[in-house]
Amino acid sequence: MTTYKAINLIKRPEPGPVTTDIFDVVEKELPKAGSGEILIKQTQMSLDPAMFGWMSPDTESYIPPVELGSVMRSSGVGKVIESNHPDFNEGDRVMGMMGWQEYALSNGQGINKVQADVPDETVLSVFALPGLTATQGLFNVGKPKNGETLVVTGAAGSVGSIVGQLAKAEGLKVIGVVGSDEKANWIVNELGFDGAINYKTSDLRDQLIKLTPEGIDLYFENTGGPIQNLVVERMNAHGRVVVCGMIADYDKEVPSPGPSWIPVIKKRLTIQGFTMPDHFEEIPSLLSKLTPYVMSGKIKYRSHILEGLESAIEGLNLFFTGENKGKLIVKL
């Protein structure tokens, strides 16, 4: 093969669903690895809610926007097929930021070897961005304690489902917020959550009170939406709010109003946002923390597989409809 496919971002998205005209599918010449470089054949590619921020023109965000005319940013897993880098050998299985393309040329920065003997699907669903984000956010930001009550939104998603399972393994009571009864059933009966709330129902306050009789100590926020105010109202003194995502607002021109700050004062709450690019140098230690939970069977997952590079474009809209069941992955 002398050429390969890639998808470039050529326009900034408008509020609302992602449209195909903001991308351009191109054929590129297959490069050779130069000095200090590796050439990776990507096998599976991750779709993540963070991509909506990466496509925006916001230059004050935690990471520069994807430049127009360049390959769309994403993480993936693949195999090194050519190496002139001292830390990588031909045949190494690797994960990292590779972009929407079938092959990736890299100097090795942000690329890590896959150590665990697990399928590619498991790598992207657990050991890549979802598991790293969950581990960093829960342990290093949230600082959970045995016996506390955690509420996590987007609880059936790739990050939220891992956050909840890690918290259960640490002895917390875990309540998940999801978008369907099927997802509620999955996180309770398959993942072991203590309770679930379908945010599309009408009695959110009553459900939350019933499921958190002792209040809420830790709130892991992935989605935003109307339940956010109700959770903050039920926080206990010195509770912690970990702000990881706000997918309910990603397609809105004007974000929704946030919770009142009065409970923040009365309860002396700590609210902290975080993003993984600040912690890429900590990936080895995060993997060391996460891996024992996974290998001992304490972390379950499910994946939603899309076939072919171009399926990524329409696949992004599944985050808004909630039709995906599990980690969104594009198989190349």
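**Notes on the fold, from K28 to the cavity**

1. K28 is partly exposed, its relative accessible area being 28%. That figure falls between the 20% under which a residue is called buried and the 50% over which it is called exposed. Bear in mind as you read on that this is a predicted model. K28 sits in strand β2. Setting aside neighbours within four places in sequence, K28 makes contact with T2, T3, Y4, A6, N8 and V71. As for G273, which is 245 residues away along the chain, its C-alpha atom is 38 Å from that of K28.

2. Now for the sheet that holds K28's strand. Three strands make up an open sheet in the order β2-β1-β4, and the pairing is antiparallel. The edge positions go to β2 (23-29) and β4 (70-71); each has a single partner strand, so each has one side without a neighbour in the sheet. Strand β1 (residues 3-9) is joined to β4 by two bridges, and the two strands run antiparallel. If you want a pair to look at, N8 is opposite V71 in β4. N8 and V71 also both turn up among the contacts of K28.

3. Q44 is worth a look next. Which strand is it in? Q44 belongs to strand β3 (residues 38-46). With a relative accessibility of 10%, Q44 counts as buried, because the cut-off for that class is under 20%. What does Q44 touch, leaving aside its neighbours within four places in sequence? Its contacts are G76, V77, D120, E121, L124, I329, V330 and K331.

4. Three of those contacts, D120, E121 and L124, lead on to helix α2 (residues 120-127). This helix is mostly covered, with seven of its eight residues buried. The buried ones are D120, T122, V123, L124, S125, V126 and F127. S125 comes back below, as one of the residues lining the largest cavity.

5. Helix α6 (residues 204-211) shows a sided pattern. Its buried residues are L204, Q207 and L208. Viewed down the axis of α6, these residues fall within an arc of 100°, so they line one face of the helix. D206 and K210 are exposed, on the face of α6 turned away from the buried side. The cover over the buried residues of α6 includes β9 (149-153), β11 (195-198), β12 (216-221) and α7 (227-233).

6. β9, part of that cover for α6, also pairs with β10. The two strands run in the parallel sense and share five bridges. One of the matches to check is V151, whose bridge partner in β10 is I175. How many of the six residues of strand β10 (residues 173-178) are buried? Five of them are, so β10 is largely enclosed by the rest of the structure.

7. A loop residue for comparison: P277 lies in the loop between β14 (270-273) and α9 (283-295). P277 is partly exposed, at a relative accessible area of 25%. Not counting residues up to four places away in sequence, P277 touches Y62 and I63. Y62 is 215 residues from P277 along the chain, yet the C-alpha atoms of the two are separated by 7.6 Å.

8. On to the enclosed space. How many cavities of 30 Å³ or more does a search of the whole structure find? The search finds one, and the volume of the largest cavity is about 60 Å³. Its lining is S125, A156, G157, S158, S161, I162, W186, K300, Y301, R302, G326 and K327. Helix α4 (residues 158-169) supplies the largest share of this lining, with three residues. By class, the lining has four nonpolar, five polar and three charged residues.

9. Last, the second largest pocket, with a volume of about 490 Å³. Its lining has 21 residues, and those nearest the centre are R73, M97, M98, G99 and Q101. Strand β7 (residues 103-106) gives the largest share of the lining of this pocket, three residues. The classes here are twelve nonpolar, seven polar and two charged.

Methods:
Residues are numbered from 1 along each chain as its sequence is written. This is a predicted model: local features need pLDDT of at least 70, side-chain atom pairs count only at pLDDT 80 or more; totals for chains, interfaces and linings use all residues. Side-chain values use heavy atoms; hydrogens and water are left out. On a 1 Å grid over the protein atoms alone, a cavity is a set of points where a 1.4 Å probe fits but cannot get out, and a pocket is an open set with protein on both sides within 12 Å along at least five of seven lines; lining residues have an atom within 4 Å of a point. Grid points are joined across faces, edges and corners, and a volume is the space filled by probe spheres set on the points. Helices (H or I, at least four residues) and strands (E, at least two) are DSSP runs, numbered from the N terminus. Ala, Val, Leu, Ile, Met, Phe, Trp, Tyr, Cys and Pro count as nonpolar, Asp, Glu, Lys and Arg as charged, and the others, Gly among them, as polar. Buried means under 20% relative accessible area, exposed over 50%, partly exposed in between (1.4 Å probe, protein chains only). The arc is that of the directions from the helix axis to the C-beta atoms. Contact means heavy atoms within 4.5 Å. Two strands pair if DSSP finds at least two bridges between them.
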